[in-house]
Structures are given as structure tokens and as C-alpha cells.
Amino acid sequence: MKNEHSEKILEEVMALKSSVEPKVAQKLDLDKWERVLIRLDSFSPDCKECSTLLIAYNDHIHQLKEKGQSLESSDFIKHRHTMENFISHLQKEHKLVTEGTNQSIYMSLGLSLGVVFGLLFLDNLALGISFGFSIGIAIGIGLDVDAKKKGRTI
Ligand SMILES: [Zn+2]
């Protein structure tokens, strides 16, 4: 960790992880949440917004910890929302991707192209769809693997 402060926050995340049920930890996506922290920490010396987000991250984790076992569905929704905000900054400003993002983008792109292709050229919608779908997934997975290799996956 670059920031001394982040070490403490990471400890809080770990503590939260071990204090809640595995199911809850999964629902909160704490593994991803932890990776978000590591990214924010690494960009914070050069990015003002990341430093600001680190402070918000700290507050947020405290709130979650305080609620502990009594988290309600509204808390989960709020958490998701907070996480999305953080991730969208990392995606827009730091060109990071979340795992499977390319896969789902290219899958739906392949699907729509497959429909067009199937109707116009093959005269077989099902064939066009399965063709577009497979190619889309293949490209998406390839790009996800590439992003991971380059260390751009959150
Ligand atoms: Zn940033």
C-alpha cells in the first residue's frame, strides 16, 4: 500500500469480511470491494478524486461495520451503488475494466449482429444468432484476458 492510511482501511475490510457470514460477504462482493481499495490507493498519489474516494471508502466501510449483522436490503443496494460509483471512476479515468465486462459487451454485440446477419445473408435467424453469439463471446473473453494480462482488471 502506498498510503499509510489505506493499510488501516484494508484491515477494516478484512475485519468486516471475517465478521459477516460468507453469504453476506459474497452479496457485498467484498473481494471486489477490496480490489477497488487497492486500486484507489495506487492512484491516489496522482489523482485527487481517488484520494477523495479513499476517504469516502473509509466512511462507508465504517458504516457497514457498525451495522454488522443487522444489514438490511436497503444497505446492500446502497453498497452496490457506492461500489458502482467508485468503479465508474476507475473505468473512466484509469481505463480499468471489471472482469467479464468485455465478454458481456461483445456477447450482446455479437447477438445483434448475428440477428442482422442471419436475416439478411443466411436466411436463417437461429444460425445467425448462434454464429454471432459465439464470435462475440470469443472476442470478449479474448479482450478480458488481454486486460487482465496488462493488469487493467479491477
Ligand atoms: Zn482516480
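Select domain 1 (4–94) and domain 2 (101–149), the two parts given by the domain assignment of the chain. Their centres, taken over C-alpha atoms, are separated by 33 Å. The model on screen is a predicted one.

**The core**

Stay with the first of these domains and select Val36, Leu37, Leu40 and Tyr57. These are the residues with the most contacts inside the largest nonpolar core, which has 20 residues. At least two residues of this core come from each of helix H1 (4–19), helix H3 (30–43), helix H4 (48–67) and helix H5 (73–94). The largest contribution is that of H3, with 6 residues.

Now select leucine 40 alone and display its surroundings. Not counting residues up to four places away in sequence, leucine 40 touches Cys50, Leu53, Leu54 and Tyr57.

**H3 against H4**

Widen the selection to the whole of H3 and H4. The two axes come within 8 Å and cross at roughly 140°. That angle makes H3 oblique to H4, and the crossing is left-handed. To see the contact, show Leu37, Leu40, Asp41 and Phe43 on the H3 side, and Cys50, Leu53, Leu54 and Tyr57 on the H4 side.

**H1 against H4**

Keep H4 and swap H3 for H1. How do the axes of H1 and H4 cross, and within what distance do they come? The crossing angle is roughly 30°, and the axes come within 10 Å. Angles under 35 degrees count as roughly parallel, so H1 and H4 are roughly parallel to each other. H1 passes H4 in a left-handed crossing.

For the residues involved, select Ser6, Ile9, Glu12, Val13 and Leu16 in H1. Their partners in H4 are Leu54, Tyr57, Asn58, Ile61, Leu64 and Lys65.

**H4 against H5**

Next, replace H1 with H5. The axes of H4 and H5 come within 12 Å, with a crossing of roughly 160°. Angles over 145 degrees count as roughly antiparallel, and H4 and H5 are therefore roughly antiparallel to each other. This crossing is left-handed.

On H4, select Glu49, Leu53, His60, Leu64 and Lys67. On H5, the residues they meet are Asp75, His79, Thr82, Phe86, His89 and Glu93.

While H5 is displayed, pick isoleucine 77, which lies in this helix. Is isoleucine 77 buried or exposed? It counts as exposed, because it has 10 C-beta neighbours inside 10 Å. Add leucine 28 to the view: isoleucine 77 and leucine 28 are 49 residues apart in sequence, and their C-alpha atoms are 9.3 Å apart in space.

**Two loop residues with positive phi**

Move along the chain to lysine 95, in the loop between H5 and helix H6 (101–122). Its phi is near 55°, a positive value in a residue other than glycine. Most residues other than glycine have a negative phi. With 10 C-beta neighbours inside 10 Å, lysine 95 counts as exposed.

Then go to aspartate 123, in the loop between H6 and H7. Aspartate 123 also has a positive phi, near 55°, and is not a glycine. Having 9 C-beta neighbours inside 10 Å, aspartate 123 counts as exposed.

**Glycine 132**

Continue into helix H7 and select glycine 132. Glycine 132 is buried, with 23 other C-beta atoms within 10 Å. Which residues are in contact with glycine 132, leaving aside its neighbours within four places in sequence? They are Gly110, Leu111, Leu113, Gly114 and Phe117.

Draw a distance from glycine 132 to leucine 30. These two are 102 residues apart along the chain, and their C-alpha atoms are separated by 34 Å.

**Isoleucine 154**

For the last stop, select isoleucine 154, in the segment after helix H7 (125–149). Isoleucine 154 counts as partly exposed, because it has 18 C-beta neighbours inside 10 Å. Leaving aside neighbours within four places in sequence, isoleucine 154 is in contact with Lys32, Arg35, Val36, Arg39, Ile87, Leu90, Leu96 and Thr98.

Of these, keep valine 36 selected. The C-alpha atoms of isoleucine 154 and valine 36 are separated by 6.4 Å, although the two residues are 118 residues apart along the chain. The tour thus returns to a core residue, since Val36 is among those with the most contacts inside the largest nonpolar core.

Terms used. Residues numbered from 1 in each chain as written. Predicted model: local features only at pLDDT ≥ 70, side-chain atom pairs only at ≥ 80, totals over all residues. Core = buried A, V, L, I, M, F, W, Y, C linked by C-beta atoms within 7 Å. Buried ≥ 20, exposed ≤ 12 C-beta atoms within 10 Å, placed from the backbone. Helix = DSSP H or I, 4+ residues; strand = E, 2+ residues; numbered from the N terminus. Contact = placed C-beta atoms within 7 Å. Domains from an automatic or database assignment. Axes fitted to C-alpha atoms, helices over the stretch in contact; angles between N-to-C directions. Parallel < 35°, antiparallel > 145°, perpendicular 65-115°, else oblique. Left-handed = near helix turned anticlockwise from the far one by under 90°.
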